[in-house]
Structure formats: C-alpha cells, structure tokens
Amino acid sequence: MIDLKNVSKCYSSGKVNTYVLRKINLEINEGEFMTIMGPSGAGKSTLLNIIGMLDSMSEGEYHFLGESVQKLNERKRVDLYKQFIGFIFQSYHLIDELTVYENLETPLIYKKIKSSQRKSMVCDTLDRFQIVGKKDLFPNQLSGGQQQLVGIARAIIAEPKLLLADEPTGNLHSEQGKEIMDLLKKLNDEGTTILQVTHSEKNAAYGSRIIKLLDGWIED
Amino acid sequence: MLKNYIMVALRTLARHKMYSLINISGLAVGMTVFILIALWVTDELSYDKFHKDVNNLYRIIAKGAYFEDGIDGAPAPLANAIRTEIPDVIDVARVMDVPKLVISYNDKAFYETRIMLTEQPFFNIFSFPFIYGNPENALSNPNEIVITEQIARKYFGEEDPLGKILVADNNYQLTVSGVMKDFPKNSSFKCDIIASLKIKGEEFTELESHWGAFMTVTYIEINPNADIEGIVKKMNEIGEKNNCPQFKAGVSFDLQPFLRVHLDGKNNYRVYTDIGDSLLAYSFSVIAVFVLLIACINFINLSTARSLIRAKEVGLRKAVGARRLQLVRQFLGESILLSAISFFLAVVLVEICLPAFNNLVGKSLDINIFDPGLISGAIAIIIIVGIVAGSYPAFYLSSFNPVAVLKGKERSVSRKSSLRRILVVFQFSLSIALFIGTAIIYLQLNYISTKDLGFDRANIVHIPIKENTGSQYSTIKSELLQSPYIESVSSQYNLEAYGDFSTNGFVWEGGVPNYDLTFNVSNVEPDYFETLRFELVRGRLFSKKLITDTSAAVIINEEAVGKMGLENPVGKRFGYMEFDATIIGVVKNANVASLYKDISPRVYRPVQDFADASEHGKVLIRFSEDNFDGALSHIRNTWEKFNKVTPFEFELLDDTYKNLYRKENKIRIIVSIFTLLAIFISCLGLFGLVSSITERRTKEIGIRKVLGAKVFNIINLLAKDFVVLVAIANLIAWPVAYLIMNRLLQNYPYRINLNLWIFAASALAVLLVAILTVSFQALKAAMSNPVDTLKYE
C-alpha cells in the first residue's frame, strides 16, 4: 500500500541544512497496524505527515497504492488523500466554530457527498461512537477524551483505507487512552490500515509491527 | 457546504465582537458615504434623458474672444435664418428669461421667479406632456401662457385653468392656454410659467433684426443622421453673411449636445435652469471611492493581522481534505457576507442621513428599494466590496501549511506585515490629504467672505426698485431720509453682485486709436460713492449741484486708468456712440462683483431717473449702527405707503455678498464631513490593529513589566511603529494635496497662499488623533497586572 524509497526531509535555515529524515525505506501493507516510536525530535511526526501528504519530502520516492505521490499536483494529491486517508491528532484539533455534528460532516462536504447521504453517514457514526447526545455541542463543551473520540469519528467517517494517528492518546489520562486504543484495534480488525506514532510501549503493543526512529534514521 | 460556511462565518463574527464591530461599522460608514454620493451622481447623470430623441437635441453656444468658456446666448435672427437655410434642422426654439414678476389672480398675488419666454416649437423639441391644452398650438397668441400643474393649483385651486387670465405686474393680461405636468426632478429646465417671446412686443421685433445682441438661448432638433459639423459650418456662414459684429472679434457659433447642458452649463445659469457641476460630480465620486477603500483596507489589515484565529481552522480543513481554492471561496464568501451586513446597515444610515443630505445638496433624492437598477447596484456594491476587501486575506489565510499551523508554529506565519504597513500609510495619506484640502477650502472661503472689498458693505440694507418705486424715487428717498436711523440713501441700476453689465466700443481722449477695451458699466446715483464709502483717488465725485454731472460726467476706477494708458485721466473726454462725457474722478478699485472675477476697468455713469432700472436695480440704504430694527420698520412703512402692489422685501448687502459663495459653503460642509469620516474609519482600523498586536504580545508585555519596564516604555513599544507610519503618510499627502489644491485655487483670482503651516497643522491634528487612538489600547495593556497575564500563558 505504501512504499517509501530513500525518503529524506531537510529544513534549511540560512546556510545550514538540518535533516529530520534520512533515507527512509519503508513498506506498509494493507491491514497492518504499525507503530512508529522514537525520542522527541527523531522525525516521527514528519514521517507521518509525509505519508499523510500534509508535508512534502525533500528527496526520494513515495508510492501510495501504486501512484507516485511526488509527481501529483495539489488537486490530484488532495483527491487521493481525501479518498483514502484519515488523520487523528494528538491535540484533537476540532474546528471550534462548528458543533460535533458539523465537525463530522466537514470531510464529507469536501468529498462532495450528497446532503441526504451525509446526514445518514453522520448519524451512523454518532451512533457507533455513542455520542448522539453530544451532536449539538461545541468542542469546548466536551472533555478531552470526548473531543478525541470526535476526532477519530471524523477521521474514519469517510471510511479511509489508511488511518494516521499522531500520539492519539498523548493528552488523555490512561483510562480514556485505553478506550481510544481499543477502538483503533477494533477498526484495524475491521480492515483499516493504521499507522500510529507513540511514545508509549503499552500503545505500541496494540500494533503488529514497530519501527524505531533515531535522529531521522530507521534503527534496525 | 454553503450552510457550513455561513455558520462558521456568523459564529466567528459573534465570537470576536470587537473586531466584527470595527469591520462592520467601518464598512457601513464607508458604504453610507458611497451610497449617498452614488445617489447624487446617478441623479445628476439622469438629467434630461426623458426627452424623446434627446440625442438629436442641441443648444447653440457662442465661443471665442471674450466668451472664453462659451456662453449660451445667440442672436435672435439666427433662429429664423436656420429655419429657412439649414434643412437638417427640424425645429428651432428660442428662450429668454424674465426677472421675477408679481402675478395676480383676483385677490391672490405672488412673486413668481421662474418664468421663461419661448415660442411654440419648444414643445415640439422637448417632451413636456400637457394636461390641458394642446402643445401644437400653445403660445400662438402673444399673451398666451402655459403654466405647470402646481401653479394652476396655486392660483385656481380646483377650477378649470384653461382660458383664465393672470395679471403680471399689474400690467400684462396673460391667458392660460395650456397646463403642463410639473417639470420632472431631473429636468434641466425648471420653471413655473412659460410665456410667449412676442409678449415683449416692439422690443422683441427689434431684437429679431439685431445680430449683435446675444440675448436669446437657442435650442434645435436635428435629423438623426445629420452632419453636425456641417450644421455648425452653415451657422457660422450665416453669422458671417449677416455681419454679426462679435464675429470680427473672433466669436463663432457651436453646438452643445443638450444632454451636456446640465453638467457642463455652470457658466450659463438662468432662472429657468437647474445646472449641475461636472467637476463636483467627479471629485465627489473619487472621494467616495477613497472613503470606501479606506474601510476595505481595515478589513484586509485586521484579517491578516488576526490570521492566527483562523489558522487552526485552515489547517484542519486542509487535513480533512479541503483544497486551497475551496478555502479561498469560503473566505471570500465570508467577506461578501460581512459586506452584505454592512450594506444593510449602510442603507439604514442612508435613510437616516438623506433628509440632511438632500438639504445640503438641494435635491430630493430617495431610495426606492424595488427599483431593479438600485437592486443590481446594491448587489454589485456588496460583491465588489467583498472581493476588494476579502481577496488578499482569502489568499493569505488559505496559504497556511497545515503541518505548521497545527503544530503551533503559526506565530511565525503572521509576522510579515510589510503590506499592512503600506496599506496603513495609504489610508492615512488619503485622510491627511483630505484634511489638508478641507482646511484650505475653509481658509479660502473665510478669506473671500471677509476680504475688504474696497468699500464699506456693513450696515447697508437694499430693497428692489420695483413697480412705481422707480418713477417716484426722489419722493421715496426723501421720505426714507426722515428716519433718524437712516444715514444715507442711494440707488443704482443694477447691483453688480447680482448681474454685472459690460460692453466695449468706448473712445477716450489720449487713447490709442482702435484700441477696444471692454468696460464694466455701473449706472449709479451721484451720491452712490458717499453711501458706500468709496475712496476717491483723483479728481472729485459727482455733485448734484452741477447740471453737467447728471449727464456729461463719468468716474472710472484705477484699473481703467492703467488699461486706458492715461497719465492723468481727470478732465479727459470719454464717449460711447452718441454719449459724450468728461472723466471727473478716479475711485479706488473695489470688488463690487464676486471675488471669482478679477477687477476689470469700470466706468460709473450718473443717473437720477430710476424708472427704467433693471431687474437688479436696488435702493441702497445705510442705517446707523445698531439701529437696524428701527431703520427697517421705517423702510417697510415707506415701501407700503408708495407701493401697494408688490410685497416688501429686503436684504443686507453683507448677506448678498456672502450668498455669492453659498454653493461653496455647502461643498465645504460636505467635504468636511467626508474627511472626518475618512479619518474616523482610518483610526478605527488603527485601533483594531493595535488591539490585535497587544493581544498577541500580552505575554511579552508581562515579562517586560516584571523585568521593570515602565508604562511609558510599553506604550512606546506598541505605538511607536504606527505613529511612524502616520508620519510617513504625511510625506505622500503633502505634495498630493499641494498639487491638487494649488490647481483648484487657480480658479480664484483672490486666493490664500499655501503656507507650510496649513500642512503642518493638518498633519499635527491627524497625528494627534492617531496617537490618541493607538495609546488608548496600548495604555490598557501597559497598565495590566503582569501576574494575571503570565499565569494563563
């Protein structure tokens, strides 16, 4: 599904080039639940963002479902992205001006799904996550765990093939964290490919494969 | 999608109330100015368009030589010649104006000022529908008149007006042969009574053979495909052939499209015309656009300065699959929504301001919300303002990198502010330039309305020479002088401030042969100079005791002496056709006409019989200071004793001169209001900018205070940048204002000097307002307790 070859990412400030990722070679197959681990600044999030097409790479090749990502224009890339990828953030990141219902609806709008179908998809998802009662609340009226639940619901509402999670439990206490991880596991069992970034060994244990990053290199 | 966008937009507006208020109020005020001016300009441009085939209608003007800007007059016989000699001209009509008359019907009597004389073809050329009577045979008899609906109601109430007889000045019997609909508001012709040219009898017959008197205004309708230049050429050949005397001096005829008359006719004001000013319409339009632009800049600056607020949303939307163009559309939609809200607020403001504005511009503009033109105009304004204000912020906001903003690196994104600085400089350049312009208009008007005119205009009241007051003048004068409050009384044929008279063809002893100098001519009573306190430079004033002084003497002004090329003019012979006199004195130059005209050579002729005084003939009465009321009641009693026909009226000479600049005074008020609004909107934007920066730097301010910064240091930190920008704006505003105002002032022979202090004072005033605006917000931040601000970071 995902095939990275010699992918590097560097930032240049003035004359100094700082590498955050160096010559990454990585293959991820459909149905995997993979974990990226490593200390702060190792390049975990950058790798996730590149795979999620939110960030560009400096060198190398990236094939997603056989398509060469670096050769696509913005429009094609966004189309590919919104069709197959969902994103979960550490700090939930919901749109503050929209209610839970509207937050869930937003990705569907961008996918140009018809209003009636949107409605049923949002209702199904609300039901599935048992947050029907919260649908008219704004993000700041929810607890952190509830917000992350909405964040995950939003990420999977359009039924992505790949779910990218950047420390999904980072801001939650352990009880809530466990619930979220159980949920991810369940999604994986249902067939969604998951790639998570985490510090926690416990969370990593949910996955089927672990890679470790250090200073931009993949450790063997 | 739309619903989602509108929801976000409204909730964002509601969440950030102060900024929404700044944006909406700024745009609403800007739009109010714009709508008012747009209504006014649209009305000006709509003039006369209602006439059928209006593009085939023309007015004959004369230009060249002394008719520098062109005049609307043409010789009366030209019309007859055109009728027979130029087949491309379908119809010709001449028009003359008449001084105000007393019109009476039974026991009703009113002054009527808007009267014009014309001939039947007038109604063929122009489309003025009749209610009663037939335009095709209107004015067929010399004593027939056509009146408007309003006048018919005024005199006859509900009675049938046709065939009724109105009496003018107790003398002429006028039969109503037609009643026309009231003139439309946007007609450049506006009058109440239309009479026949032939009512002038002999006088008109004489004019009809006189090629040297440009006394009638001539309108023509031509064939749709006629060659205009050919018609002009033929008209000039006719003038040449008939030895029109003005042609020798270089005058020629030309055609002016009738549609241009309203806007380009400001030199040809007549009692029956409603004349606008194209320069004014254009400059007001420019000002209106600028004020609106200043408000749009507020939106641009505040949106980009506060982009942080929306950065996270942008990042998220991109993360869930939004393309950049979709975000651009969303933000543009928001600015259009904001523009729409402002517009509706502006419409309310316009409704509130319209009566005062109408009063100021002398119109009766209104808003008809069902007018399709108005609706499409409104939609256009909303969209254009939304796009102008929203484009840059939309592209700027949608450019955010989702990874950067979601990771909280957004602070680095919003620091770039060179465009913001440029826009602030632009806003304040406009505001300061407007302020300087307003200040100069104020000073100039103040200068011309208080300038020493060369005679004493204070404590003089004047009354018209009307009806029998002219023929009984000497009796009336001695009666007036009975009052202890009246110091002196004198008369003149026409008050120059109302209507000056000039002619050429004079000869004088010692003059260069064939040197033809145009003189202004004032026919005055011999004691005129004493009453108005003129200063004598040489020779003597008129004396009533010398018989020769009543007919064979003239006094000239200093300007004439210079232009005539005489060393010592006193005692020299001076003549005009059969008139032969001696120059007995020279008076100091005086600005008896308006200060828009430079002093020109003037000759004063003595007269004692005022029976034939012109429409502007006046009795000038000097009353002793502080005794105006006593003097006035005596004048009124005297008037009523001698003149039972015409109602009493009077005016102070000082007011007469002030009224010459009434239009300019109104412009002054309008321009000052625009200027204040422009400054207000600019400062509103400045206030918003400083607030947003203060918000962002709360933590920094807290730390600085903990480290020992004083309140003044903090204010300096926050406000300095903006004060510098306003100062820079002066560099642009000064030269621009100087060039424009210097150019405008060239129209006035008497004008103020553009001193540096006018610019400096204006700049200081605007700078002060800006400093106050900026400091208010900065002071609040500087006074806050650092513990509070740091705790929450």
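Start by selecting Val291(B) and Val690(B): these residues have the most contacts inside the largest nonpolar core, a set of 82 residues. Keep in mind as you go that this is a predicted model.

**Stop 1: the helices around the core**

Colour these helices of chain B next, since each gives the core at least two residues: helix 2 (17-45), helix 10 (278-305), helix 12 (324-361), helix 13 (372-397), helix 15 (418-450), helix 21 (662-696), helix 23 (711-745) and helix 24 (756-783). Which helix supplies the largest share of this core? Pick out helix 10 of chain B, the source of 15 core residues. Now colour by domain: at least three residues of the core come from domain 1 (1-47 + 277-416) of chain B, and at least three from domain 3 (426-451 + 661-793) of chain B.

**Stop 2: around Val291(B)**

Zoom in on Val291(B) and hide its neighbours within four places in sequence. What is Val291(B) in contact with beyond them? Show Gly30(B), Val33(B) and Phe34(B), then add Phe674(B), Leu677(B), Ala678(B) and Ile681(B) to complete the set.

Another core, of 71 residues, lies apart from the one you have been viewing. Select Ala155(A), Ile218(A), Leu332(B) and Leu406(B), which are among its members.

**Stop 3: the sheet in chain A**

Switch to chain A and display strands 6, 7, 8, 3, 9 and 10, in that order: these six form an open sheet with mixed pairing. At the edges you will find strand 6 (85-88) and strand 10 (217-219) of chain A, each paired on one side only. Looking across the sheet, expect a twist that averages 25 degrees from one strand to the next.

For a close-up, follow strand 6 of chain A to strand 7 (residues 162-166) of chain A; the two run parallel and are joined by four bridges. Label Phe87(A) and, opposite it in strand 7 of chain A, Leu164(A).

Then bring in helix 1 (residues 44-51) of chain A, which packs on the sheet. Helix 1 of chain A touches strand 3 (33-37), strand 7, strand 8 (193-197) and strand 9 (209-214) of chain A. Draw the directions of helix 1 and strand 8 of chain A, and the angle comes to about 150 degrees.

**Stop 4: chain B as a whole**

Zoom out to chain B, where you can page through 25 helices and 26 strands. Its C-alpha trace spans about 105 × 60 × 55 Å along the principal axes. Colouring by burial, 41% of the 793 residues of chain B count as buried. If you plot a contact map of chain B, 82% of the contacts with a separation of 6 or more join residues 24 or more positions apart.

Technical notes:
Residues are numbered from 1 along each chain as its sequence is written. Chains are lettered from A and ligands numbered from 1 in the order in which they are written. This is a predicted model: local features need pLDDT of at least 70, side-chain atom pairs count only at pLDDT 80 or more; totals for chains, interfaces and linings use all residues. A nonpolar core is a set of buried Ala, Val, Leu, Ile, Met, Phe, Trp, Tyr and Cys residues joined through C-beta atoms within 7 Å. A residue is buried if 20 or more other C-beta atoms lie within 10 Å of its own, exposed if 12 or fewer, and partly exposed in between; C-beta atoms are placed from the backbone. Domain bounds come from an automatic or database domain assignment. Two residues are in contact if their C-beta atoms, placed from the backbone, lie within 7 Å. Two strands pair if DSSP finds at least two bridges between them. Axes are lines fitted to C-alpha atoms, for helices over the stretch in contact, and angles run from 0 to 180 degrees between N-to-C directions.
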